[in-house]
Amino acid sequence: MEAELVALATAGATALVQQMIQESWGPARDRLARFFSRGTGEPGAVTAELETSRAELLEARETQDEDIAADVLAEWRIRMRRTLQADPGAAAELRALLDEIVPDPGTAPAVVVRNSITGGTQHGTVVQTGTIGDIHLGGGR
């Protein structure tokens, strides 16, 4: 059972960190704050902690500091695991929460791609994309 809780805590923390960098963070933050403040009835302190972690994560992404990003993930993974260990009913709530905040891959929004070309005049083709798939070149298909 412990391995299942660790896996669920890892999935939850990963989803949380992924949501932190989204513009639509607000609703997920509120749901996560309620999850972590189970039993206390006051999600305000958790909301502040989530916002602090989000600020750290956004700064880490900007400065490409992978250590801080990893620390944010580890902090919330540990917290998720402790929450799940303290309250067996929290696992079902976390699974439902993950179903809400993690988009279905079939309905995922378009990837935002930001490329920058520098260093003078470009004389070739530039392709900017998030995903290229099912491309057929040539021959009359």
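**Reading a helical model**

Mentor: Val17 is buried, with a relative accessible area of 13%, and since this is a predicted model, we should read that value as something computed from the predicted atoms.

Trainee: Why does Val17 count as buried?

Mentor: The general idea is a cut-off, because a residue counts as buried when its relative accessible area is under 20%. In this structure Val17 has 13%, and the residue sits in helix α1. Leaving out residues up to four places away in sequence, Val17 touches Leu57, Val72 and Leu73. Val17 and Arg77 are also worth finding on the screen, since their C-alpha atoms are 9.7 Å apart in space although the two residues are 60 residues apart in sequence.

Trainee: How many helices and strands does the secondary structure of the protein chain have?

Mentor: The protein chain has 5 helices and 0 strands, so that, read from the N terminus, the order of elements is α-α-α-α-α. Of the 141 residues in the chain, 26% are buried. The chain exposes about 9,600 Å², and carbon and sulfur atoms supply 51% of that area.

Trainee: What share of the contacts in the protein chain with a separation of 6 or more comes from residues 24 or more positions apart?

Mentor: Such pairs account for 66% of those contacts. One example of a pair far apart in sequence is Leu94 with Ala9, which are separated by 85 residues along the chain but by 8.7 Å from C-alpha to C-alpha.

Trainee: Is Leu94 buried or exposed?

Mentor: Leu94, which lies in helix α5, counts as buried at 0% relative accessibility. When its neighbours within four places in sequence are set aside, Leu94 is in contact with Leu8, Gly12, Phe35, Met80 and Leu84.

Trainee: At roughly what angle do the axes of helix α2 and helix α5 cross?

Mentor: In general, two packed helices are described by the angle between their axes and the distance between the axes. Here helix α2 (residues 25–36) and helix α5 (residues 90–101) have axes that come within 11 Å and cross at roughly 180°, and therefore α2 and α5 are roughly antiparallel to each other. On the α2 side, Ala28, Arg31, Leu32 and Phe35 meet a group in α5 made up of Ala90, Glu93, Leu94, Leu97, Glu100 and Ile101. Sorted by class, the contact of α2 with α5 has 7 nonpolar residues, 3 charged residues and no polar ones.

Trainee: Which residues touch the most other members of the largest nonpolar core?

Mentor: They are Leu16, Leu50 and Leu84, in a core of 27 residues. At least two residues of this core come from each of α1 (2–20), α2, α3 (44–63), α4 (66–86) and α5, with the largest share, 8 residues, supplied by α1. If you select Leu16 and ignore residues up to four places away in sequence, you will find that Leu16 touches Trp25, Leu32, Phe36, Leu50, Trp76 and Met80.

Trainee: What is the relative accessible area of Glu49?

Mentor: Glu49 has a value of 31% and is partly exposed, because that class lies between the cut-offs of 20% and 50%. Glu49 belongs to helix α3, and, again not counting residues up to four places away in sequence, Glu49 touches Trp76 and Arg79. Its C-alpha is 9.0 Å from that of Ala33, a residue 16 residues apart from Glu49 in sequence.

Trainee: Where does Gln64 lie?

Mentor: Gln64 lies in the loop between α3 and α4, and at 69% relative accessibility Gln64 counts as exposed. The backbone deserves a look as well, since the phi of Gln64 is near 55°, which is a positive value in a residue other than glycine.

Notes. Residues are numbered from 1 along each chain as its sequence is written. This is a predicted model: local features need pLDDT of at least 70, side-chain atom pairs count only at pLDDT 80 or more; totals for chains, interfaces and linings use all residues. Side-chain values use heavy atoms; hydrogens and water are left out. Helices (H or I, at least four residues) and strands (E, at least two) are DSSP runs, numbered from the N terminus. Buried means under 20% relative accessible area, exposed over 50%, partly exposed in between (1.4 Å probe, protein chains only). Contact means heavy atoms within 4.5 Å. Accessible areas come from the Shrake-Rupley method with a 1.4 Å probe; for residues, only the protein chains shown count as cover. Axes are lines fitted to C-alpha atoms, for helices over the stretch in contact, and angles run from 0 to 180 degrees between N-to-C directions. Angles under 35 degrees count as roughly parallel, over 145 as roughly antiparallel, 65 to 115 as roughly perpendicular and the rest as oblique. Ala, Val, Leu, Ile, Met, Phe, Trp, Tyr, Cys and Pro count as nonpolar, Asp, Glu, Lys and Arg as charged, and the others, Gly among them, as polar. A nonpolar core is a set of buried Ala, Val, Leu, Ile, Met, Phe, Trp, Tyr and Cys residues joined through side-chain atoms within 4.5 Å.
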